[in-house]
Amino acid sequence: MNITPKTDRARQPGTRDASKFTEATRVPLWDPEVDDILVCRQVRQETHDVKTFVFSAREPRAFRFYPGQFMTFELPVEGMVSRCYTISGSAARPYRIEITVKRVPGGPASNWLHDYMIPGKEVTVSGPAGEFTTDATADKKLLFISAGSGITPLMSMTRTACDLSEPTDLHFIHAARTPADLIFHDELSLLISQNPTLKVALTCQASSPSHAWSGFTGRLSLPMLHLMSPDFMDRQIFCCGPGPFMDSVRAMLAEANFDMSNYYEESFDFGAETAGSFDEPADAAPEISDQTFRVSFPKTGHVVECSPGMTILSAARAAGLLPISSCQRGICGTCKSRLISGEVDMQHGGGIRQREIDQGKILICCSTPTSDIEVEI
Ligand SMILES: Cc1cc2nc3c(=O)[nH]c(=O)nc-3n(C[C@H](O)[C@H](O)[C@H](O)COP(=O)(O)OP(=O)(O)OC[C@H]3O[C@@H](n4cnc5c(N)ncnc54)[C@H](O)[C@@H]3O)c2cc1C
């Protein structure tokens, strides 16, 4: 009798080889300490000025991230700039990183991505990082409020909850300038049709000739909020959008006497408070010496006295310099700079790798001098 061994049969042409599925579970994890190159695999036009970029690692890697977290991208424009972009995709799809980027007029990074990032191109990244995230568990009632490109972290949380089939009671309010600016409009409609516990309400400030609109019109207001999410007072609220938008959301919640310990926000604006509960206490301050140190910036010739406890970022700003920074908590890595000489106390939150520290890099937002120093910014 001629018996074909099972293993051989599995390899015959035309026979389904299940090994590729079992191998998928053995894909190594993306290690943020070591891995730093993403390859662009796909670009999607979402609206007239918003694109989604889909990346994966050079070799298959599984990314572990919480929905709402971001990665920091180093882009070869104006020398090299670093910018944070929220992962807009689902955390339940671990083999890809999607970011959704709005083209900001005159902005170097967003325009470079829109104009030059194409499938096959590689980019250096760090992360994932960030604290603006939720465990969308069944026992919580959630309300997401976003405007413009601030939709990205909330979309990641929504996609993840839907992918995991969590019966999350979720209301999602999104504000756009016009119907033509609504990001993920079609996908949100699809998600509503598939997930009975998801309710989406959209408002547009103005109409656009190219898109019919019969939904809410005007800026988000307290009466509109009552209509869109009648039980919002019982919900945990996550908000992301431009600074003035979040100011107005906070003001309307204050007017409604909302318990702000249930309010979380993230800003994409530089210099704004980011990531975390509204009334979350600041991280513990590093131990402060009472000595003053001299901070020199040789590139510009500026020299400032750094008072006790002052970060190098604050010293640079006091000198009239405007180094680019974002989270101001040592998380995002945007303010990474080279320490030319001297010593610092750096209390970072994961925004820099050990090998970068070994190369003399520091995050100036969370470093205080412990000697006179020279910094390249
Ligand atoms: C944690 C975090 C997550 C972010 N996630 C996203 C994201 O998912 N999608 C995204 O498009 N951007 C996101 N950003 C903003 C992004 O990092 C860049 O700031 C943005 O792409 C502009 O960079 P730029 O170099 O083109 O312009 P810049 O020269 O840096 O900015 C030009 C001006 O535009 C303002 N601006 C910055 N971002 C925006 C924006 N999105 N919409 C309108 N005005 C803006 C800036 O405050 C500045 O005044 C995020 C920022 C942070 C801190």
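This passage describes the ligand site of a predicted model, followed by two backbone features.

The ligand sits in the largest pocket. Elements contributing two or more residues to the shell around the ligand are strand 4 (81-86), strand 5 (97-102) and helix 3 (108-116). Strand 4 supplies the largest share of this shell, with 4 residues. In total, 18 residues surround the ligand. The closest of these are Cys 84, Tyr 85, Ser 110, Ser 149 and Ser 326. By residue class, the shell comprises 9 nonpolar, 7 polar and 2 charged residues. At the level of domains, at least three shell residues come from domain 1 (37-129), and at least three come from domain 2 (141-277).

Polar contacts to the ligand involve both backbone and side-chain atoms of the protein. A polar backbone atom of Cys 84, one of the closest residues, lies 2.6 Å from an oxygen atom of the ligand. For Gly 107, the distance between a polar backbone atom and a ligand oxygen atom is 3.3 Å. Ser 149 is likewise listed among the closest residues, and an N or O atom in the side chain of Ser 149 is 2.8 Å from a nitrogen atom of the ligand. The ligand taken alone exposes 880 Å², of which the protein buries 79%.

Two features of the backbone were also noted. Most residues other than glycine have a negative phi, and most peptide bonds are trans. The peptide bond between Gly 127 and Pro 128, however, is cis, with an omega of about 10°. Pro 128 belongs to strand 6 (residues 122-129). Glu 78, a residue other than glycine, has a positive phi, near 50°. Glu 78 is placed in the loop between strand 3 (70-75) and strand 4, and strand 4 is the element that gives 4 residues to the shell around the ligand.

How values were computed
Residues numbered from 1 in each chain as written. Predicted model: local features only at pLDDT ≥ 70, side-chain atom pairs only at ≥ 80, totals over all residues. Heavy atoms only, no water. Near = heavy atom within 4 Å. Polar contact = N/O pair within 3.5 Å; in protein donor to acceptor, adjacent residues only side chain to side chain. Areas by Shrake-Rupley, 256 points an atom, 1.4 Å probe, with all protein chains shown as cover. 1 Å grid on protein atoms, 1.4 Å probe; cavity = no way out; pocket = protein on both sides within 12 Å on 5 of 7 lines; lining within 4 Å. Sits in = over half its atoms within 2 Å of the grid points. Nonpolar A, V, L, I, M, F, W, Y, C, P; charged D, E, K, R; others polar. Domains from an automatic or database assignment.
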